[in-house]
There are 2 protein chains.
Amino acid sequence: MVLSKACTYGIQAAIYVASRNEDAYVSIQSVAEKLNISFHFLTKVLQQLTQAGLMVSYRVPNGGISLGKPASQITLYSVIAAIDGTDIFTECMLGLPGCGTATPCPAHDHWTEMRSKLFSLCHKTTLAELAEKANQLNLRLANLPLV
Amino acid sequence: MVLSKACTYGIQAAIYVASRNEDAYVSIQSVAEKLNISFHFLTKVLQQLTQAGLMVSYRVPNGGISLGKPASQITLYSVIAAIDGTDIFTECMLGLPGCGTATPCPAHDHWTEMRSKLFSLCHKTTLAELAEKANQLNLRLANLPLV
DNA sequence: GTGATTTCGGACTATTTTGTCTGCAATTTA
DNA sequence: TAAATTGCAGACAAAATAGTCCGAAATCAC
């Protein structure tokens, strides 16, 4: 799996919050229910996003979480970086320590190209774009089988 | 991490075996030492490659393992598929069950493009190419820090 | 102030991945 | 035939990830 489960949950939740187009807070509980994610687990994941400043939380009745800045200013990259770190954007495909331009592994060139594509993709993709897509056509966002 | 450790070990070992340009068998022990991988763990990984027909083993003094077919006919894809399976080539970025053309997730289009690039890259990259690169300039292949 | 709701923080359990160990099966060599 | 070398198979241990639970801390509504 390229992203950890925690990270995919975080992205899903972020998109969901952004897609509401409201400034009001949403409770983590309701997000977890909508997306079919374990509430307690999601709580911990979202804490990483608030600590990174991507979300703000309000610990109060009818409080919850909300985006820390405009959805158009939150990149997919920043969400991934806050949860999984930046390893996937820098790591050697073969996991070799010290692989780089100076001492490349055999797969280095191919992989560097892939990584930079992923890097720029994640940088230019914002929550605003993803949320808009989620709203158009009721795009799929929850961890539910299709039955 | 996009590939599991087991998978990176398997690829490294496969490249190493291919880079020897010999038909003779190599003991897993010596491969493990060269690449600085745990011998027993590598043994289990390579069993998956022999079961997939990518390698052949010879259980005998001075025996070991060897490629099951010409290095030019073993793709990076087949090695990855034998160890990690094909999930990374088909999975939704957000891990959503049932995400596809019919019911896409918001990141679907972007990700499908990345995946297909990865797919074709892994299909066109053969052990022969990687081994050749490894031989040119003594390219990096072992799990050793650079000191 | 009291009670309700909500996130925060840490401890805990479960599952998966990674790594280790031991004995066995196969086959050559002497 | 006996001994040595090698991969195979399964049991086991350790570490990382995923998921659960509970007691706070914060703040609003009354």
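In this predicted model, 44 residues of chain B are in contact with 44 residues of chain A. Together the two chains bury an area of about 3700 Å², with carbon and sulfur atoms giving 73% of that figure. On the chain B side, P106(B), H110(B) and R140(B) lose the most area to chain A, and these residues jointly make up 19% of what that side buries.

The polar component of this interface can be described separately. The rule finds 0 salt bridges between chain B and chain A, while 4 residue pairs are in polar contact across the interface. Helix 1 (5–19), helix 4 (76–83), helix 6 (108–124) and helix 7 (127–135) of chain B each give two or more residues to the side that touches chain A. Of these elements, helix 6 of chain B gives the most, with 8 residues. Classified by residue type, this side of chain B has 30 nonpolar, 8 polar and 6 charged residues.

Attention may now turn to the nucleic acid. Around DNA strand D there are 25 residues, of which K5(A), S38(A), Y58(A), I28(B) and S57(B) come nearest. This surface divides into 9 nonpolar, 11 polar and 5 charged residues. At least two residues each are supplied by helix 1 (5–19) and helix 3 (39–51) of chain A and by helix 3 (39–51) of chain B; helix 3 of chain B gives the most, with 4 residues.

On the DNA side, sugar or phosphate accounts for 65% of the strand D atoms within 4 Å of the protein, and bases for the rest. Phosphate oxygens of DNA strand D lie 2.9 Å from a side-chain N or O atom of S57(B) and 3.4 Å from a backbone N or O atom of N62(B). A base oxygen of DNA strand D, in turn, lies 3.3 Å from a polar side-chain atom of K44(A).

How values were computed: Residues numbered from 1 in each chain as written. Chains lettered and ligands numbered in written order. Predicted model: local features only at pLDDT ≥ 70, side-chain atom pairs only at ≥ 80, totals over all residues. Heavy atoms only, no water. Near = heavy atom within 4 Å. Polar contact = N/O pair within 3.5 Å; in protein donor to acceptor, adjacent residues only side chain to side chain. Nonpolar A, V, L, I, M, F, W, Y, C, P; charged D, E, K, R; others polar. Contact = heavy atoms within 4.5 Å. Buried area = accessible area lost by both parts, 1.4 Å probe. Salt bridge = Lys/Arg side-chain N within 4 Å of Asp/Glu carboxyl O.
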